[in-house]
Amino acid sequence: MAVETIPRVKKSSGDSSSDTDVNNNPPRRKDLEKVADVPVLDKDGKPHAFKSLYTPTNNERSRTLIIFIRHFFCGNCQEYLRSLSTSITPETLNKLSPPIDIRIVGCGQPDLIPMYLRETECPYPIYADPSKKLYAELGMTRTLNLGPKAPQYMQYSLPSAMVRAGYQVLKAGRSAFKGGDYWQVGGEFIFEDGHVTWCHRMKNTRDHAEVPEIRRQLGLDGARPPLRKTFSSGIRRSSSQLGRKLSDRRKSWSRSRDRTEKPSPDGSMMERLREDQAGEEKSERQSKDEVKQNGGVAANSVTV
C-alpha cells in the first residue's frame, strides 16, 4: 500500500483565485526529527530549538497548537490572530485537560516581533524562522493566490487590511524588508506528546483554518469568534463624533450671532430716552407757536 507523504514546497500557478494543491497529512516522525533542532528566534533574537516549543518540561501530557503565519506585514494573518485571540484566551486553554499552549511562528526577522505583538494584541509567544526550513520540511507551500472567497475570520475588508499593512511597512522604515517571504504561506499543527495529531496547510494567502474548526480540534465548542471593534468602525465612530461636534459648533455660532444682532438693554434705554427728549422738545415748540398765534389775535382785536 502506498504511503502518502507531505507535499514538497512549490510555487503555485498565476491564477489568483485558485487554491494550491496541498494535503493535510500529519508530518511523519522522521520529518519531525529533521526539524527538531531547527532554531527559532524569540523577540529578543534568542534562539530556541523548535522541539522546545512543543516538548513538555515534565512527564505530564501536553498539547501545543503551533500556527505558522506568512510574513510579518500580512494583514490577513494579523486579522486571523486577532480573531483567534479574542475567541481562544489563555484562561480558556488552562481549563482544558490536558492544558494547551499556543505558539506562533513567522518567516521574517525577529526585529519585527514586538511590532507584530502590538498590532495583533496576541497573548501568545511569537517566534521567527527566517530560514523557512520548518515551512519546507513540514510541507507548507508558496503562493500569492488569494483564494475564491474571504474567510470568516476577516473582520476587516481586504482594502482596509491592505491599507493598514501598507502603513505598517512605511512606519517600519529600514525594517520594511525584514517581514519575510511574501510567497510563503503557513498552516496549523497540533502536537501531542511529541507528534502531530492534526494539521492544516494553507492553500492560499487567506486559508488559515477557521477559528470554529480550531476550537473543535482543541476540545472546545465550534463558536465563531466575537465581533471586534474594527478600524473601519473606528473611522465611522470618529466621523459621527466629528459631525456632532460640527453641529454643536454651528449652533453655538448661531447663538452668538443672534446675541450680537440684538440691541443690548443699555442701548434700548438710551434710545428711549432720546425719543422722549425729542418728543418733549417738539411739544415745547408747538406750545410756543400757539402762544405767539394767540398773542397776535389779541393785539388785532385791541386795535380795532
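**Aromatic cluster, strand pairing and pockets**

Phe-50, Tyr-54, Phe-68, Tyr-135, Phe-189 and Phe-191 are joined into a cluster by ring pairs. The model in which this cluster occurs is predicted. In total, the structure holds eight aromatic pairs. One of these is formed by Tyr-80 and Tyr-153, whose arrangement is edge-to-face, with 4.9 Å from centre to centre and 70° between the planes. This pair links distant parts of the chain, since Tyr-80 lies in helix H2 and Tyr-153 in the loop between helix H5 (133-137) and H6, 73 residues apart. Tyr-80 and Tyr-153 are both buried.

One member of the aromatic cluster, Phe-68, also belongs to strand E3, where Phe-68 shares a face with Thr-64 and Ile-66. The other side of E3 carries Arg-63, Leu-65 and Ile-67, and the residues of both faces are all buried. E3 is accordingly described as mostly covered, with six of its six residues buried.

E3 has strand partners in E4 and in E6. With E4, the pairing is parallel and comprises six bridges. Within this pairing, Leu-65 has Ile-102 of E4 as its bridge partner, and Ile-66 is matched with Arg-103 of E4. With strand E6 (residues 187-192), E3 pairs in the antiparallel sense, again over six bridges. In that pairing, Thr-64 stands opposite Phe-191 of E6. Phe-191 is also one of the residues in the aromatic cluster.

E4 is in turn paired with strand E5 (residues 126-128), in the parallel sense and over three bridges. Here Val-105 stands opposite Tyr-127 of E5. Six of the seven residues of E4 are buried, so E4 is largely enclosed by the rest of the structure.

Two pockets were characterised. The largest pocket has a volume of about 320 Å³. Its lining consists of 16 residues, of which Arg-70, His-71, Gly-75, Asn-76 and Met-162 are the closest to the pocket centre. Helix H2 (75-87) and helix H6 (158-172) are the elements that give two or more residues to this lining. H6 supplies the largest share, with six residues. Sorted by class, the lining of the largest pocket has 10 nonpolar, five polar and one charged residues. H2, one of the two helices named for this lining, is also the helix that holds Tyr-80 of the edge-to-face pair.

The second largest pocket has a volume of about 250 Å³. This pocket is lined by 16 residues, and those closest to its centre are Pro-56, Thr-57, Arg-61, Ser-62 and Asp-101. Two or more lining residues come from each of strand E3 (63-68) and strand E4 (100-106). E4 gives the most to this lining, with three residues. The class composition of the lining is five nonpolar, six polar and five charged residues. The two strands named for this lining, E3 and E4, are those joined in parallel by six bridges.

Arg-29 is located in helix H1 (residues 29-35). This residue has a relative accessibility of 59% and therefore counts as exposed, the cut-off being over 50%. Arg-29 and Gly-194 are separated by 165 residues in sequence, while their C-alpha atoms are 9.2 Å apart in space.

With regard to cysteine, a search of the whole structure finds zero disulfides. A disulfide is a covalent bond between the sulfur atoms of two cysteines. Cys-122 has a relative accessible area of 9% and is therefore buried, the cut-off being under 20%. Cys-199 is likewise buried, because its relative accessible area is 4%.

Notes: Residues numbered from 1 in each chain as written. Predicted model: local features only at pLDDT ≥ 70, side-chain atom pairs only at ≥ 80, totals over all residues. Heavy atoms only, no water. 1 Å grid on protein atoms, 1.4 Å probe; cavity = no way out; pocket = protein on both sides within 12 Å on 5 of 7 lines; lining within 4 Å. Points joined across faces, edges and corners; volume = space filled by probe spheres on them. Helix = DSSP H or I, 4+ residues; strand = E, 2+ residues; numbered from the N terminus. Nonpolar A, V, L, I, M, F, W, Y, C, P; charged D, E, K, R; others polar. Buried < 20%, exposed > 50% of the residue type's maximum accessible area, 1.4 Å probe, protein only. Phe/Tyr/Trp six-rings, centres within 6.5 Å; stacked < 30°, edge-to-face > 60°. Pairing = 2+ DSSP bridges. Disulfide = S-S within 2.5 Å.
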